[in-house]
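Let's walk through this model together, strand by strand. Have the viewer open as you read.

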Amino acid sequence: MQPQNYSHSLPYCSLREWYNTSMEATPILCELRVLVGAETQLLHVPVGSNLRRVLLDANLSPYVPITTFANCGGRGLCGTCGIRFEAGEPAPFHWHDRLAAHYGYPRLSCQISIDGPMTVRLLIDKVIWGKREPALRYPPRSADGEG
Ligand code: FES
């Protein structure tokens, strides 16, 4: 039996082309505000983007000069990519980020997926990691001191 060739009746040349065309979705964008000192940068980024990657691509590095070259490359190991949240802070996911969040250290931008609108602040005064701010613990300390 001869194989049938149906390609002339299809609007696409191949299954791959059909798949790429039909599955190509317009990315949903999230608003990301980045505070750098007194300035605010507004970015629109695809949902699910990695915060560190977005910041670096936008030339808004979360690093200080020495850690620009001496960092773990986004593996969540060095703690030098820390930023502070002003709004839209997600729950910590990575173990290192959970510890940082729990004790009030800056959140690791390399461990943050942008899944909603966020406002983050770059730490322009940090030396390497950024200082601890107990009032910024996650989850926030309750009124009776627990948590
Ligand atoms: S880049 Fe090393 S912890 Fe984020």
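A good place to start is strand β4 (residues 82-87), which is joined to strand β5 (residues 107-108) by 2 bridges, the two running antiparallel. Strands here are DSSP runs of E at least two residues long, numbered from the N terminus, and two of them pair if DSSP finds at least two bridges between them. Within this pairing, I83 stands opposite R107 in β5.

β4 has another antiparallel partner: 4 bridges join β4 to strand β7 (residues 118-122). Here A87 stands opposite T119 in β7.

T119 also leads us to R33, a residue of strand β1 (residues 29-36). R33 and T119 are 86 residues apart in sequence, yet their C-alpha atoms are 4.5 Å apart in space. Beyond its neighbours within four places in sequence, R33 is in contact with T40, L42 and T119; contact means that the C-beta atoms, placed from the backbone, lie within 7 Å. Is R33 buried or exposed? R33 is partly exposed, because 16 other C-beta atoms lie within 10 Å; 20 or more would make a residue buried, and 12 or fewer exposed.

Now for confidence. This is a predicted model, in which local features need pLDDT of at least 70 and side-chain atom pairs count only at pLDDT 80 or more, while totals for chains, interfaces and linings use all residues. Residues are numbered from 1 along each chain as its sequence is written. The protein averages a pLDDT (the predictor's confidence in each residue, from 0 to 100) of 82, and 77% of the residues score at least 70. Over residues 5-13, pLDDT stays under 50, and the model has 4 contacts beyond four places in sequence for them. Where pLDDT is low, the predicted coordinates should not be read in detail.

Key:
Contact = placed C-beta atoms within 7 Å.
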